[in-house]
Amino acid sequence: MAEFDIQRETVIKADPAQVQALVDDFHQWRKWSPWEDADPAMERTYSGADRGIGARYFWNGNRKAGRGDMEITSATADAIGIRLHFEKPFKATNQVTFEFRPQGDTTAVTWRMRGEQNGLMALVGKLMPMDRLVGKDFEKGLAQLKAVAET
């Protein structure tokens, strides 16, 4: 098994609560998530709470989008925790955290994902580390989150 810990950060000129509202409501992810354009015909289902702890999001898309679900497992003024489960293109369960730190009239946002690569993904990870596989997606997502929050 190969453990990984990926994180990216940006600073957004917006109140922490405003930024957090775009993350703790999965309906809002369509505005900024880097994977929303992976499959225009992707099926989406929402369940549980509308936002915050217990909110769930299921997706099923093409080979690039894959299939899986997310659930918000913790939510405070400083951070949102999400359990991310993939069914396809590979099986995996990872822990995602968004941290929000006020800095004057801006908010520093850190997007972090931790997990383990098992089986075939552990082998792939030796050739292509997870940071290289999804790091650019995190950067794109944070840039899009920043653009949405600052408008």
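**From helix α1 to the aromatic cluster**

Gln-20 lies in helix α1, which covers residues 16-23. The model in which this residue is placed is a predicted one. With a relative accessibility of 12%, Gln-20 counts as buried, because the cut-off for that class is under 20%. Leaving aside residues up to four places away in sequence, Gln-20 touches Thr-76, Ala-77, Ala-79, Ile-80 and Phe-100.

One of these partners, Ile-80, belongs to strand β5. Ile-80 is buried, its relative accessible area being 1%. Beyond the residues up to four places away in sequence, its contacts are Gln-20, Val-23, Asp-24, Ile-72, Ser-74, Ala-75, Val-96, Thr-97, Phe-98 and Phe-100. Phe-100 thus appears in the contacts of Gln-20 and also in those of Ile-80. The C-alpha atoms of Ile-80 and Gln-103 stand 18 Å from each other, with the two positions 23 residues apart along the chain.

Another partner of Gln-20 is Thr-76, which is found in the loop between β4 (67-75) and β5. Thr-76 has a relative accessibility of 46% and counts as partly exposed, whereas Gln-20 is buried. From Thr-76 to Thr-93 the C-alpha separation is 22 Å, for positions 17 residues apart along the chain.

These elements may now be set within the whole chain. The protein chain contains three helices and seven strands, and their order along the sequence is β-α-β-β-β-β-β-β-α-α. For 151 residues, a compact globule would have a radius of gyration near 15 Å, and the value for the protein chain, 15 Å, agrees with this. Along the principal axes, the C-alpha atoms fill a box of roughly 45 × 30 × 25 Å. Of the 151 residues, 44% are buried. When contacts between residues at least 6 apart in sequence are considered, 48% of them join residues at least 24 apart.

The surface and the charges complete this overall description. The accessible surface of the protein chain is about 8,200 Å², and carbon and sulfur atoms account for 54% of it. There are 21 positive and 22 negative side chains, and the centres of these two sets are 5 Å apart.

Which residues form the aromatic cluster? Its members are Phe-26, Trp-29, Trp-32, Trp-35, Tyr-46, Tyr-57, Trp-59, Phe-86, Phe-90, Phe-98, Trp-111 and Phe-138. One of them, Phe-98, is also a contact of Ile-80. In the whole structure, the search finds 14 aromatic pairs. A pair of aromatic rings is described by the distance of the centres and the angle of the planes. For Trp-59 and Phe-86, the ring centres are 5.9 Å apart and the planes meet at 80°, so this pair is edge-to-face; the angle qualifies because planes over 60 degrees apart are classed in that way. The pair connects distant parts of the chain, since Trp-59 sits in strand β3 (residues 55-60) and Phe-86 in strand β5 (residues 79-88), 27 residues apart. Both Trp-59 and Phe-86 are buried.

Phe-86 also pairs with Phe-90, in a tilted arrangement with 5.5 Å from centre to centre and 40° between the planes. The two residues fall into separate accessibility classes: Phe-86 counts as buried at 17% relative accessibility, while Phe-90 is partly exposed with a relative accessible area of 26%. Pro-89 is located in the loop between β5 and β6 (92-103). The peptide bond from Lys-88 to Pro-89 is cis, with omega near 5°. In general, most peptide bonds are trans.

Two further loops show how separation in sequence and separation in space can be set side by side. Ala-41 is placed in the loop between α1 and β2 (43-48) and counts as exposed at 61% relative accessibility. Ala-41 and Gly-61 are 20 residues apart in sequence, and their C-alpha atoms are 7.0 Å apart. Pro-129 occupies the loop between α2 (119-127) and α3 (130-149), where its relative accessibility of 36% makes it partly exposed. Between Pro-129 and Ala-14 there are 33 Å in space, C-alpha to C-alpha, at a separation of 115 residues in sequence.

Notes:
Residues numbered from 1 in each chain as written. Predicted model: local features only at pLDDT ≥ 70, side-chain atom pairs only at ≥ 80, totals over all residues. Heavy atoms only, no water. Helix = DSSP H or I, 4+ residues; strand = E, 2+ residues; numbered from the N terminus. Rg over C-alpha atoms; globule rule 2.2 N^0.38 Å. Buried < 20%, exposed > 50% of the residue type's maximum accessible area, 1.4 Å probe, protein only. Contact = heavy atoms within 4.5 Å. Areas by Shrake-Rupley, 256 points an atom, 1.4 Å probe, with all protein chains shown as cover. Lys, Arg positive; Asp, Glu negative; His and termini not counted. Charge placed at Lys NZ, Arg CZ, Asp CG, Glu CD. Phe/Tyr/Trp six-rings, centres within 6.5 Å; stacked < 30°, edge-to-face > 60°.
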